[in-house]
Amino acid sequence: MIVMLKAQKAVLSLFQKKQMIPEENAWNYLQNFTEEQYQPVTVDIPMKHSIYNIAKHKGHTYLLYNTLFNSMMTMSEHEFRQYEKIQFSDLSLVEAFTDNGFLLPEFTDEYQRYDYYQGILNNQLQDYMHYTIALTSRCNARCIYCYEEGVPQFDMSLETAEKFTEMLCKSEKQIDITWFGGEPLLKTDLIQYITQTLHKNNKPFDSGIITNGSLLTEHMIASQFPEWGISWVQISLDGMKDEYLRRKCYYSSRTDIFEHVISNIESLVKQGISVSVRLNMDAANSKECIEVAGYLKEKFSETQYLIAYPAFLEDAANALNDDTQRFSYSGQVYQLYPPGNSLLTNIPKINNCYFQQQGAFVIDTDGSILCCERDIGRQKTKIASLQTITALDTLHKSRASFPAVRERCRTCAYYPKCSGGCFAAYGSSCQYDACFMEKYKVEYLLNKMIDF
Ligand code: SF4
Ligand code: SF4
């Protein structure tokens, strides 16, 4: 047996204790924990498998990975069978399984403990504020899959932008902005106003933009992006030229928009701006999206500033409802653009989704403050409004108000990497629509490891 990644004993001990440490003391406990404090679980305590274990095998070699404790071991089939039955002919093996969280005391309610652990971290990691700013709900395209379809089209007014910027300047926290829309580049005047005011007030910030990339210009990338603090750009390419144009349905009659976007990507990476190309897949374009990834890989082989990543369209007419196909198509993109191994080792891991993050808010065009970007123009997750608050730093989301995590997520082996997925997709007709890509990435990485 080889232990490749060890569980962090401090975190593990939170799950092994019969009595939970009060939440208000738990952060100090985690910070000051020393290895000597760790009390191994004794063999006389009834054990069960962690629900967050994932097993892989190739031939007679087995690999076990725990998504919560980030522990990993390889073992022989004989050793694996003992773990599987929790019956050991070799008692010296027990320690490796318990000390790495693969076996836990039977009394542990892992979901409940993990929820408690998330609560501890959630109350600590609040030194930054992330704002997704919907500058407009208008767009120069009409993507066939757009979730903002039917949302009334408005621009943020200068008055609302002024109110927001005034409060940003008074914030004492680190500021991170995502420029969002609609198509945010239809409102560069507001980006200019907000960022200039922040500069004038010596208020540092970082920003990135989610755009279709068609309105970018050389001048904007070279001169304005540095002023706007933009260090990353996300652009969707859902097919090669013809399929791309068919899916985007631009209002413009230009036929070279695909080439134009590619040339803009070229300018961005030359400027050292990170570009993430999102490949929105359904059953009709998955193979073409893989072709796009191959095309980008070849065209931009020299740069480290570009990655392409798969995403699956929800509730679309041609949605990929078969998870085996999702694993296969995403795996083909990951072959070209592999996810980082750090996904397997990052700890603590909480709240993938901005909805659940204490310091993350969406500012809608009318100044409403929302929890979820999917809610722009709908206001179901509205918690306040710029017009009625006096400071941004005191905004707070109550954990109790978060949607309940689905039953199937609570016992899903990927839950600690995915946090229960996208709440906004819980109502979708396909049960996999909510799953974050972490699930597919973890599988890809573990399959690679066992192959190796
Ligand atoms: S619930 Fe879904 S759409 Fe809303 S912030 Fe989270 S991941 Fe994004
Ligand atoms: S959303 Fe999907 S991957 Fe995430 S925890 Fe739920 S079932 Fe698992």
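In the predicted model, the crossing of helices α12 and α15 is right-handed. Helix α12 spans residues 323–336 and helix α15 spans residues 438–451. Their axes come within 10 Å and cross at roughly 70°. Since angles of 65 to 115 degrees count as roughly perpendicular, α12 and α15 are therefore described as roughly perpendicular to each other. On the side of α12, the contact is formed by R326, F327, S330, G331 and Y334. These residues meet Y440, K441, E443 and Y444 in α15. By class, the residues of this contact divide into 4 nonpolar, 2 polar and 3 charged.

A second helix pair is formed by α6 (residues 158–170) and α7, the latter covering residues 188–200. The axes of α6 and α7 also come within 10 Å, and they cross at roughly 25°. An angle under 35 degrees counts as roughly parallel, and α6 is therefore roughly parallel to α7. The crossing of α6 and α7 is right-handed. From α6, the residues L158, A161, T165, L168 and C169 take part in the contact. Their partners in α7 are L190, Y193, I194, T197 and L198. The contact of α6 with α7 contains 8 nonpolar and 2 polar residues, and no charged residue.

A third pair consists of helix α2 (residues 23–32) and helix α5, which covers residues 110–122. Here the helices pack at an angle of about 75°, with their axes 9 Å apart. This angle makes α2 roughly perpendicular to α5. The contact involves E23, A26 and W27 of α2 together with Y116, G119 and I120 of α5. Of the residues in the contact of α2 with α5, 4 are nonpolar, 1 is polar and 1 is charged.

At the level of the whole protein chain, two domains are assigned: domain 1 comprises residues 2–122 and domain 2 comprises residues 127–451. The C-alpha centres of domain 1 and domain 2 lie 34 Å apart. The contact between the domains takes 21 residues from domain 1 and 21 residues from domain 2. On the side of domain 1 that touches domain 2, at least two residues each are supplied by β3 (53–58), β4 (61–66) and α5 (110–122). The largest share of that side, 6 residues, comes from α5. By class, the side of domain 1 that touches domain 2 has 11 nonpolar, 8 polar and 2 charged residues.

Two ligand sites were also examined. The shell around ligand 1 is formed by C353, Y354, F355, C372, E373, R374, C422, F423 and A424. In terms of class, the shell around ligand 1 has 7 nonpolar and 2 charged residues, with no polar residue. Ligand 2 is surrounded by R408, C409, C412, Y414, Y415, C418, G420, G421, A434, C435, F436 and K439. Two elements, α13 (407–410) and α14 (415–418), give two or more residues to the shell around ligand 2. The shell around ligand 2 divides into 8 nonpolar, 2 polar and 2 charged residues.

Finally, two features of the backbone geometry may be described. Most residues other than glycine have a negative phi, and most peptide bonds are trans. The peptide bond from G181 to G182, however, is cis, with omega near 15°. Residue G182 is placed in the loop between β8 (174–180) and α7 (188–200). Residue N70 is not a glycine, yet N70 has a positive phi of about 55°. The loop that holds N70 lies between β4 and β5 (71–76).

Conventions
Residues are numbered from 1 along each chain as its sequence is written. Chains are lettered from A and ligands numbered from 1 in the order in which they are written. This is a predicted model: local features need pLDDT of at least 70, side-chain atom pairs count only at pLDDT 80 or more; totals for chains, interfaces and linings use all residues. A residue is near a molecule or strand if its C-beta atom, placed from the backbone, lies within 6 Å of it. Ala, Val, Leu, Ile, Met, Phe, Trp, Tyr, Cys and Pro count as nonpolar, Asp, Glu, Lys and Arg as charged, and the others, Gly among them, as polar. Axes are lines fitted to C-alpha atoms, for helices over the stretch in contact, and angles run from 0 to 180 degrees between N-to-C directions. Helices (H or I, at least four residues) and strands (E, at least two) are DSSP runs, numbered from the N terminus. Angles under 35 degrees count as roughly parallel, over 145 as roughly antiparallel, 65 to 115 as roughly perpendicular and the rest as oblique. A crossing is left-handed if the near helix is turned anticlockwise from the far one by less than a right angle, and right-handed if clockwise. Two residues are in contact if their C-beta atoms, placed from the backbone, lie within 7 Å. Domain bounds come from an automatic or database domain assignment.
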